[in-house]
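User: Please take a close look at one part of this model, the open sheet and what packs on it. After that, go through the salt bridges as well.

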Amino acid sequence: MAYNKIKPIDRQAARDWDNYYESFVASVHADLTETPEQKRKRIAALEADFEAWKMYYFPKYCYAPSASFHKRAANRQLNNPEWYECDVWARELAKDAVQMMITLNQALTGKKRSVMLISNSWDNAADLLQPYKINLESNERIIHDYGQQEMPGSWKRGDFTTTQGVSFLAVGADQSPRGTRDEEVRPDKVIISDIDTDEDCRNSETIKKRWYWFEKAVFPTRSVSKDFQVIWLNNLIAKDSCMARAMKMADKVDIVNLEDKHGNSTWPEKNLPEHIARIKSKISTAAYESEYMNNPLAEGDVFKEITWGKIPHLNHFKFIVVYGDPAPSNSKNGKGSYKSVFAIGFREGKYYVISGFLDHVTNAEFVEWYYALRNYIGGKTQVYNFIENNKLQDPFYQQVFIPLFNEAAKSKGFIGITPDTRDKPDKFSRIEGNLEPINRFGNLIFNIKEQDNPHMIRLEEQFKLLNPQMKSPADGPDCIEGGVWIINEKNTAMTPDSFKTWKSPRNKHRM
């Protein structure tokens, strides 16, 4: 195996994985006692029945019986050498493993001679191609029946040719697939697996560029006069994605979700209802729908409803967090990001959005909001004031907001502000991952007494308009996520197991 394209830190892990995989495959033993005639008849019978063929050569992959959609896909591809198919199968439905077995059947029986496997990067493509390579070089049953496959000098990670002249090539998205090794044999099968990523699908220009690359650089590698297969493998993670565009071109689109329309497992022999229920309980609805149900949520579908309810008396909260997101703009013209400050409390497993502000305002007005919330709470409980202050915002915080807070303190009194310097992940992922499960179970509650407050109304609208492409403003939900995160951090710190006691030495300078 060639490791030159793998980061040094990953090389040992790659070697360990390959060693495990080789032992996994090599443990499949051939029967060396049969006669040549018995062997010939057995191979002929297996090649006439793909299900029997794959279970014989790949018994450890077939630990669960094939689902009906697996069988139908194999039948379509093995009987249509000129074919364009999109297998829009959810996670955990073995799309890559099934495709490997179909493709190796085609390669070993002479139906395909040049296979190209494409993914979102060269490393991912090479990783997906590695099981093909290891099976061809180590699977005793394949070698016994079809001969030695490893071609000395043409056998490296992501680029190898069998002794029968069948080539396999890994290609990363946007890389040139032209000028392959054997120009007389053009690719006759292209597999595109997991080419869409969440990040790419949030940028329509990236998808447009990648689709243009596929149609102009990849598809024309085929021979005009010879059979050619294009097989797309990806769950549908966005409405505008390479898979979504390929579906419009395909001869066959096969959409299979983890559950059918009645809520039953589509592969019950492998995925039990309790397994599915466990997954659903631990991730957000948006994540589950996208990854397991091929349902990228439309605008407004992440937070379908917001719960408005009665807020406990403020002195019943152990503490309240007032969290502010200053945004970079200092204008009131309605453009750019919204500034936001909200007071959030926690009690008995529920997070309460007590009151706050969300608007296009000046920096000075933003500072005034903290004082307005201080007056609103009126000293009824401890208040912790935070302001978002990541690496990009820090100079702005130091140069602009500290002077503004100092100036306001002269007439209104001092407010202690703590900067939140957390290195935050992607905004949508944070909001959707950290707040959607809370909201879904009715544990994110907006103060019903503030239902006519235009800032709270604006906050509700931003929650409902939240989408993976982040086409609508999400500064309010982002602010709430920051406050909830601070509350969780403080609650964790206040648990009994988190405290240690010790005797402090006396300080003669302290009264």
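Analyst: Strands S11 (residues 339-347) and S12 (residues 350-359) run antiparallel and are joined by 9 bridges. Within this pairing, Ser340 has Leu358 of S12 opposite. The model is predicted, and the description below applies to that model.

S11 and S12 belong to an open sheet of 7 strands with mixed pairing, ordered S9-S15-S12-S11-S10-S13-S14. At the edges are strand S9 (307-309) and strand S14 (417-420), each of which pairs on one side only. On average, and with direction ignored, neighbouring strands of the sheet are turned by 35° against each other.

Two helices are to be placed against these strands. Helix H13 (residues 363-377) packs on the sheet and touches strand S10 (319-325), S11, S12, strand S13 (382-388), S14 and strand S15 (444-447). The direction of H13 makes about 25° with that of S11. Helix H16 (residues 454-464) lies across S9, S11, S12 and S15, and runs at about 105° to S12.

Turning to the salt bridges, the count for the model comes to 30. One of them joins Arg440 to Glu436, with the closest N and O atoms 3.2 Å apart. Both residues lie in helix H15 (residues 427-440), 4 residues apart, which is about one turn of the helix. Arg440 is partly exposed, at a relative accessible area of 32%, whereas Glu436 counts as buried because its relative accessibility is 3%, under the 20% limit.

A salt bridge within a helix is also formed by Glu51 and Lys54, whose closest N and O atoms are 3.6 Å apart. The two residues sit in helix H3 (residues 50-57), 3 residues apart, again about one turn of the helix. Glu51 is buried, with a relative accessible area of 17%. Lys54 is buried too, with a relative accessible area of 3%.

The side chains of Asp240 and Arg245 meet in a salt bridge at 3.0 Å, N to O. Asp240 is partly exposed, with a relative accessible area of 28%, and Arg245 is partly exposed as well, with a value of 22%. Finally, a network of salt bridges links Arg76, Glu85, Asp87 and Asp254.

Technical notes. Residues are numbered from 1 along each chain as its sequence is written. This is a predicted model: local features need pLDDT of at least 70, side-chain atom pairs count only at pLDDT 80 or more; totals for chains, interfaces and linings use all residues. Side-chain values use heavy atoms; hydrogens and water are left out. A salt bridge is a side-chain nitrogen of Lys or Arg within 4 Å of a carboxyl oxygen of Asp or Glu. Buried means under 20% relative accessible area, exposed over 50%, partly exposed in between (1.4 Å probe, protein chains only). Two strands pair if DSSP finds at least two bridges between them. Axes are lines fitted to C-alpha atoms, for helices over the stretch in contact, and angles run from 0 to 180 degrees between N-to-C directions. Contact means heavy atoms within 4.5 Å.
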